[in-house]
Amino acid sequence: VTVSERKVSAEDYHVTGLENDAAIIVADDLLVRPPWVDCPEGFSGMELIVPRGGAFGSGEHDSTKAALVIMHRNWSAVTSMADVGVGSGILALYASVRGCDRIEACDIDKPSVAAARELLPEASIYVGGAELMQPCDLVVANMTGTELHESWTSILSVWTRQNDLILSGMRAHEVDGLVGRIPGVEVDRETFGAFTAVRFAAN
């Protein structure tokens, strides 16, 4: 290992890496922001405030936006929700803010689980896969297409089919292969940038 010393200018002493964070407006009445970023002037909708820590996801990623828009556009009273690949907890927080009584979540990334547990202390959040969770009516999985394929059996095993299944994180060439495996009816689809989310209702 080679170690070299680099001089830091005085103006960089206070750089934290958070300076470029911003409020992410997902819909006209929905935004995500960390607590150190002010709400935009004039905004009067729902705010999801997420101090993400070291977890993935501050709301700017297109797969998160797509999943949030689908949830927001189609929300109905939900008593239980499972968030597979919870990241910083944005999607689970949305369900909590909307009054969901029981939230279960999981992630293989320990910093993500720690951040989500801090954000949602009443939720059951596990280090690992969906097989660790109890069945829930609404299931949301925001992961890469490969991860969705690999987690397929456990994702379906936790879905009671009493509400929707929402899959996000798929790129265009991955959508058809995943949609064809769903034991449900596609009822909504949203694309942000390179990522698509699809909502399914049970047969």
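## How two helices cross

Let's start with a pair of helices: α1 and α2 cross in a right-handed way. Keep in mind that this is a predicted model. Two packed helices are described by the angle between their axes and the distance between the axes. Here, α1 and α2 pack at about 20°, and their axes are 10 Å apart. Angles under 35 degrees count as roughly parallel, so α1 and α2 run roughly parallel to each other.

Which residues make the contact? On the α1 side you'll find T64, A67, L68, M71 and H72, and they meet I90, L91, Y94 and A95 of α2. Sorted by class, the residues of this contact come out as seven nonpolar and two polar, with no charged ones.

## The largest pocket

Next up is the largest pocket, with a volume of about 510 Å³. Its lining takes in 29 residues. If you want to find the centre of this pocket in the structure, look for G85, D107, N142, M143 and E147, the lining residues that lie nearest to it.

Both helices from the pair above turn up again here: α1 (62–74) and α2 (90–97) each supply at least two residues of the pocket lining. So much for that pair; the strands β4 (80–84) and β5 (102–107) each give at least two as well, and so does the helix α4 (145–150). By class, the lining of the largest pocket has 15 polar residues, nine nonpolar and five charged.

## The cavity

How many cavities of 30 Å³ or more does the structure hold? There is one. The largest cavity has a volume of about 70 Å³.

The residues lining the largest cavity are I70, M71, N74, W75, S76, V78, L138, N163, D164, I166 and R199. Helix α1 shows up once more, giving the most to this lining with three residues. One familiar name is M71, which lines the largest cavity and is also among the α1 residues that meet α2. As for the classes, the cavity lining divides into six nonpolar residues, three polar and two charged.

## Following α1

If you'd like one element to follow through the model, try α1. This helix packs with α2 at an angle of about 20°, supplies at least two residues to the lining of the largest pocket, and gives three to the lining of the largest cavity.

Key. Residues numbered from 1 in each chain as written. Predicted model: local features only at pLDDT ≥ 70, side-chain atom pairs only at ≥ 80, totals over all residues. Heavy atoms only, no water. 1 Å grid on protein atoms, 1.4 Å probe; cavity = no way out; pocket = protein on both sides within 12 Å on 5 of 7 lines; lining within 4 Å. Points joined across faces, edges and corners; volume = space filled by probe spheres on them. Helix = DSSP H or I, 4+ residues; strand = E, 2+ residues; numbered from the N terminus. Nonpolar A, V, L, I, M, F, W, Y, C, P; charged D, E, K, R; others polar. Axes fitted to C-alpha atoms, helices over the stretch in contact; angles between N-to-C directions. Parallel < 35°, antiparallel > 145°, perpendicular 65-115°, else oblique. Left-handed = near helix turned anticlockwise from the far one by under 90°. Contact = heavy atoms within 4.5 Å.
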